[in-house]
Amino acid sequence: DAVMELGRYSRKRIKEICTWERAQQDRIYQAGCFAIQVSATSGQMMYIGSCQKVESKYCVFTVTDNQYDPEYVYLMVQQALPEFLHKNQTGINIQTDAFERLELILHDDRMTQMYVVEVMRLLDERQEEEAKTVRVLKDFKKYHLAKMFPEGMRGGSR
């Protein structure tokens with residue numbers, strides 16, 4: 001049995017484990033990168049799961065340290081970004097060189113990183129299932145309200 005080492009972690013600046021650049025219009029970025037919106041941003045991020053182009057309003061990060069799983073680093077940046085933006089953002093944009101100050105807390109053990117990624121995937125799936133249920137219930141309610149109040153009775157015409 002593998003033992004999760006949740007208590008073994010390091011503080012690292014993102015510049016120690018990643019490179020980044022402002023997205024270039026016609027460049028295709030490799031799977032495993034992630035992007036942070038830097039123009040008119042409120043912290044929007046996306047993980048690049050397959051090769052694709054990225055809009056120039058993003059800064060694209062590539063994990064260069066093989067000790068860290070790229071999707072795990074994405075999740076840890078996602079967790080750290082709100083506080084970082086609060087301290088470093090001026091106006092609605094963020095300068096890409098400000099990311100040099102972004103500090104992350106990263107688990108050292110690769111198995112622990114994979115565990116964190118899997119748990120977060122399961123939580124995302126569960127959240128999406130719940131959102132679908134809410135949409136179905138809202139549609140159900142709308143349908144029955146429409147049946148309760150025929151077209152001629154809506155809008156206070158009487």
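Q: What percentage of the 158 residues of the chain count as buried?
A: This is a predicted model, so every value here is computed from predicted atoms. A residue counts as buried when its relative accessible area is under 20%. Of the 158 residues in the chain, the share that meets this cut-off is 31%.

Q: How many helices and how many strands does the chain have?
A: Reading from the N terminus, the elements run β-β-β-β-β-β-β-α-β-α. Put as totals, the secondary structure comes to two helices and eight strands.

Q: Is the chain more spread out than a compact globule or not, and what is its radius of gyration?
A: The C-alpha atoms fill a box of roughly 70 × 45 × 30 Å along the principal axes. For 158 residues the globule rule gives 15 Å, and the chain is well over that, so it is more spread out than a compact globule. Its radius of gyration is 22 Å.

Q: Among contacts between residues at least 6 apart in sequence, what percentage join residues at least 24 apart?
A: Here a contact means heavy atoms within 4.5 Å. Taking the contacts in the chain between residues at least 6 apart in sequence, the part that joins residues at least 24 apart is 71%.

Q: How far apart do the centres of the positive and negative side chains lie?
A: The accessible surface of the chain comes to about 10700 Å², and 51% of that belongs to carbon and sulfur atoms. As for charge, the chain has 22 positive and 23 negative side chains. The centres of these two sets are separated by 9 Å.

Q: Which element gives the most residues to the largest nonpolar core?
A: In soluble globular proteins, nonpolar side chains tend to be buried together. The largest nonpolar core in this chain has 29 residues, and those with the most contacts inside it are Phe34, Val73, Val77, Phe99 and Leu104. Two or more residues come from each of β4 (33-37), β7 (58-63), α1 (70-88), β8 (103-107) and α2 (110-148). The element that gives the most, with 10 residues, is α1.

Q: Which residues are in contact with Val77, leaving aside its neighbours within four places in sequence?
A: Val77 is one of the residues with the most contacts inside the largest core. Leaving aside neighbours within four places in sequence, its partners are Ile14, Phe34, Ile36, Met45, Leu102 and Leu104.

Q: How many residues does the other core have?
A: This other core lies apart from the largest one. Among its members are Tyr29, Cys33, Ile48 and Val54. Its number of residues is eight.

Q: Is Cys51 buried, partly exposed or exposed?
A: Cys51 sits in the loop between β5 (45-48) and β6 (52-53). Not counting residues up to four places away in sequence, Cys51 touches Ile28, Tyr29, Gln30 and Ala31. Its relative accessible area is 47%, and a residue between the 20% and 50% cut-offs has its own class. Cys51 is therefore partly exposed.

Q: What distance separates the C-alpha atoms of Gly7 and His107?
A: Gly7 lies in the segment before β1 (9-13), while His107 is in strand β8. Gly7 is exposed, with a relative accessible area of 67%, whereas His107 is buried at 14%. The two residues are 100 places apart along the chain, yet their C-alpha atoms are separated by 7.8 Å.

Q: What is the phi of Ala40 near?
A: Ala40 belongs to the loop between β4 and β5, where it is partly exposed with a relative accessible area of 44%. Most residues other than glycine have a negative phi. Ala40 has a positive value, near 50°.

Q: Which residues are in contact with Thr62, leaving aside its neighbours within four places in sequence?
A: Thr62 is found in strand β7. With a relative accessible area of 32%, Thr62 is partly exposed. Setting aside neighbours within four places in sequence, the residues in contact with Thr62 are Ile17, Cys18, Thr19 and Cys33.

Q: How far apart in space are Val116 and Glu71, C-alpha to C-alpha?
A: Val116 is part of helix α2 and is buried, with a relative accessible area of 14%. Beyond its neighbours within four places in sequence, Val116 is in contact with Tyr72, Leu75 and Met76. Val116 and Glu71 are 45 residues apart in sequence, and their C-alpha distance in space is 9.7 Å.

Conventions
Residues are numbered from 1 along each chain as its sequence is written. This is a predicted model: local features need pLDDT of at least 70, side-chain atom pairs count only at pLDDT 80 or more; totals for chains, interfaces and linings use all residues. Side-chain values use heavy atoms; hydrogens and water are left out. Helices (H or I, at least four residues) and strands (E, at least two) are DSSP runs, numbered from the N terminus. The radius of gyration is taken over C-alpha atoms; the globule rule is 2.2 Å times the number of residues to the power 0.38. Buried means under 20% relative accessible area, exposed over 50%, partly exposed in between (1.4 Å probe, protein chains only). Accessible areas come from the Shrake-Rupley method with a 1.4 Å probe; for residues, only the protein chains shown count as cover. Lys and Arg count as positive and Asp and Glu as negative; His and the chain ends are not counted. The place of a charge is taken as NZ of Lys, CZ of Arg, CG of Asp or CD of Glu. A nonpolar core is a set of buried Ala, Val, Leu, Ile, Met, Phe, Trp, Tyr and Cys residues joined through side-chain atoms within 4.5 Å.
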